[in-house]
Amino acid sequence: MASEDIWILGSNMTKFGKHPDEDLVDLASEAAMAALADAGISMAEVGIMGVGSLMNASAGIGQQLQKQIGQTGIPVYNVANACATGATALRVAIMAVKAGETDVGMAVGVEKLAGAGLLGQAGRGAASDTWEPSGRFGAVGSTEGRIGTGIMPGVFAQVGMEYGHKYGGTSFELFAKISEKNHAHSTLNPLAAYQKRFTLDEIMNDVMIAYPNTRPMCSGNCDGAAAMIVVSDAKLKTLSKRQQKHAVKISASVLTTDPYQEACQVLPDVNTLTRNAAKQAYEQAGIGPEDLDLVELHDCFATAELVHYDNLMLCEEGGAADFFESGAPWRDGSMPVNVSGGLQSKGHPIGATGIANIHEVAMHLRGDAGDRQIKGAKVGMAHVIGLGSACGVHILEKSAA
Amino acid sequence: MAAKKKAPAKKAAAKKAAANKAPAKKAAAKKKAPAKKAPAKKTAAKKAPAKKVAAKKSAKQIPFVDYLVLGDRPYLRAQECKNCGARFFDRRNACASCFGTDFKNARVKSAGIVTSYSIVTVGPQPFVSAIVDCGGTSVRCTLVGVEPTPDHVSLGMKVKLTTYSMGKDAAGVEAIGFGFAPA
């Protein structure tokens with residue numbers, strides 16, 4: 001029986017940042033065509049597409065993309081899953097290949113967010129002159145500021161502070177240091193939206209958005225696209241030695257949602273589903289956290305990165321602050337985390353993020369990560385979380401060939 | 001921590017549509033000032049009573065959200081799953097934890113501790129968003145009666161429910177909001 005392994009045959013991401021002269025379809029096309037070239041195949045061989053662009057979820061972006069790069073009549077699944085949209089698109093392609101419906105799948109994620117403001121709960125329109133209950137809570141006005149906050153920097157600030165309440169050891173400075181690390185890492189990544197190193201003082205004294213997250217501690221809204229070609233093991237065996245050597249194995253591909261927890265209705269629980277996804281992924285891959293050479297995790301805010309050290313079991317339970325202080329997640333540490341710069345510095349074009357973080361890991365495993373290469377990387381993990389929630393975890397392994 | 005205990009899912013529990021809905025407390029708000037306008041061009045004498053009605057309504061209060069119960073001792077009311085005890089502030093078709101379909105009103109404890117917070121400093125004015133553990137039920141709220149600076153807020157601080165006037169609308173109805181203040 002043929003192995004059921006799935007391989008990344010080709011991968012690409014555009015530079016993240018401002019692309020005023022390219023629209024959504026231009027960006028998606030650039031990444032998709034580059035991924036095909038990287039894979040050494042053409043659209044004629046692609047059997048399925050999973051495509052996502054969260055802010056344009058009803059635009060039929062997959063079909064628009066086909067019209068730019070090749071209309072072959074294959075099925076397109078346009079997906080939306082908050083910040084996990086890209087990983088969801090990839091999961092669709094992987095599942096189709098795994099199910100035997102096709103041997104070659106393409107996943108594309110794209111977003112244009114440069115200049116977008118705060119994301120999260122929008123205020124209600126102009127107040128009417130009478131108190132009118134509306135919505136599921138029968139609120140007579142906007143709840144923002146009256147019943148806590150729904151804006152993302154505030155929600156994720158609370159995620160980090162909750163960890164501090166539970167385990168201690170956190171502080172404004174600790175969270176700022178996490179951001180300092182990621183901004184330092186991105187100086188080596190030419191694809192990052194920001195490549196400016198910040199001192200700890202600069203980070204702590206920048207504009208406060210939602211304590212303890214200052215502006216550089218928040219993910220950067222920007223434009224970008226990422227695309228990936230996945231193939232079955234059987235297909236890979238028919239390809240050239242060069243392609244086989246180039247391929248990266250997907251040892252685990254998992255998507256979870258948040259199971260019920262007591263407090264989840266008032267503060268999204270981003271922990272349980274991440275921990276569940278990580279557990280499943282380690283099991284699928286047959287490895288443990290100690291085997292990882294690098295991790296790209298969803299640092300949408302500095303406060304979020306901390307909790308995911310724990311959720312992904314990179315440290316012992318409750319030990320995330322010590323783990324960071326040990327220097328482990330710096331690129332020269334024992335467990336490099338977000339060597340791309342992460343969402344805080346590489347940027348966060350939502351739909352692209354869930355593929356771009358897998359792309360980053362794949363490049364290191366191939367030895368194609370340039371100046372930021374983690375030497376000798378053989379196994380890596382990519383994590384993404386979309387609030388609501390959906391969590392994608394992928395474990396990749398260097399090709400044995 | 002978690003208030004609920006795992007219990008086997010109840011199968012085919014009697015459908016009680018009413019149980020899925022938060023008790024309607026909305027009637028008060030829906031009623032706008034003078035319900036039926038008297039035909040225009042009436043004498044001033046005719047208008048007077050209408051104004052009186054409006055004045056009478058000004059005594060009315062409406063909670064900012066329907067899970068805030070007003071009265072001498074205001075409290076937050078949750079929908080509690082009769083099967084597993086999970087609590088929700090909005091209506092559920094079935095319990096997210098055990099899928100049970102029977103719910104009852106439950107009074108949430110008014111004292112609690114801050115388990116998480118953020119000081120939101122974008123927007124018109126800074127405020128403290130917090131999660132408060134009220135005896136096993138987590139509540140999202142804004143802290144009131146406290147300076148919105150890191151020096152004045154701390155994890156684990158004791159707080160209690162309080163209410164405040166949000167002002168009256170054109171019909172004289174006063175909205176009452178809630179927050180948690182240092183205990």
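This is a short talk on the aromatic rings in this structure and on the charges that sit over two of them.

One caution before we start. The model is predicted.

So, how many aromatic pairs turn up over all chains? A search of the whole structure finds 11.

Take Tyr163(A) and Tyr167(A). Their ring centres are 4.7 Å apart, with 50 degrees between the planes. That pair is tilted. Why is the spacing along the chain about one helical turn? Because the two tyrosines are four residues apart in helix α4 of chain A, residues 152-167. Now their surroundings. Tyr163(A) is buried, at 7% relative accessible area. Tyr167(A) is partly exposed, at 30%.

Next pair: Tyr260(A) and Phe88(B). Here the centres lie 5.8 Å apart and the planes make 55 degrees, so this pair is tilted. Where do the two rings sit? Tyr260(A) is in the loop between β8 (248-257) and α9 (272-285) of chain A. Phe88(B) is in strand β4 of chain B, residues 87-88. The pair therefore joins two chains. Buried or exposed? Tyr260(A) is buried, with 14% relative accessible area. Phe88(B) is buried, at 1%.

Now a cluster. Phe137(A) groups with Tyr67(B), Phe89(B), Phe178(B) and Phe180(B) in one aromatic cluster.

Last, the charges. In chain A, the charged end of Lys196(A) sits over the ring of Phe198(A), 4.1 Å from the ring's centre. In chain B, Arg107(B) lies over the face of Tyr75(B), and the distance to the ring centre is 4.0 Å.

Terms used: Residues are numbered from 1 along each chain as its sequence is written. Chains are lettered from A and ligands numbered from 1 in the order in which they are written. This is a predicted model: local features need pLDDT of at least 70, side-chain atom pairs count only at pLDDT 80 or more; totals for chains, interfaces and linings use all residues. Side-chain values use heavy atoms; hydrogens and water are left out. Rings of Phe, Tyr and Trp (its six-membered ring) pair if their centres lie within 6.5 Å; planes under 30 degrees apart count as stacked, over 60 as edge-to-face and the rest as tilted. Buried means under 20% relative accessible area, exposed over 50%, partly exposed in between (1.4 Å probe, protein chains only). A charge sits over a ring if NZ of Lys or CZ of Arg is within 6 Å of the ring centre and within 35 degrees of the ring normal.
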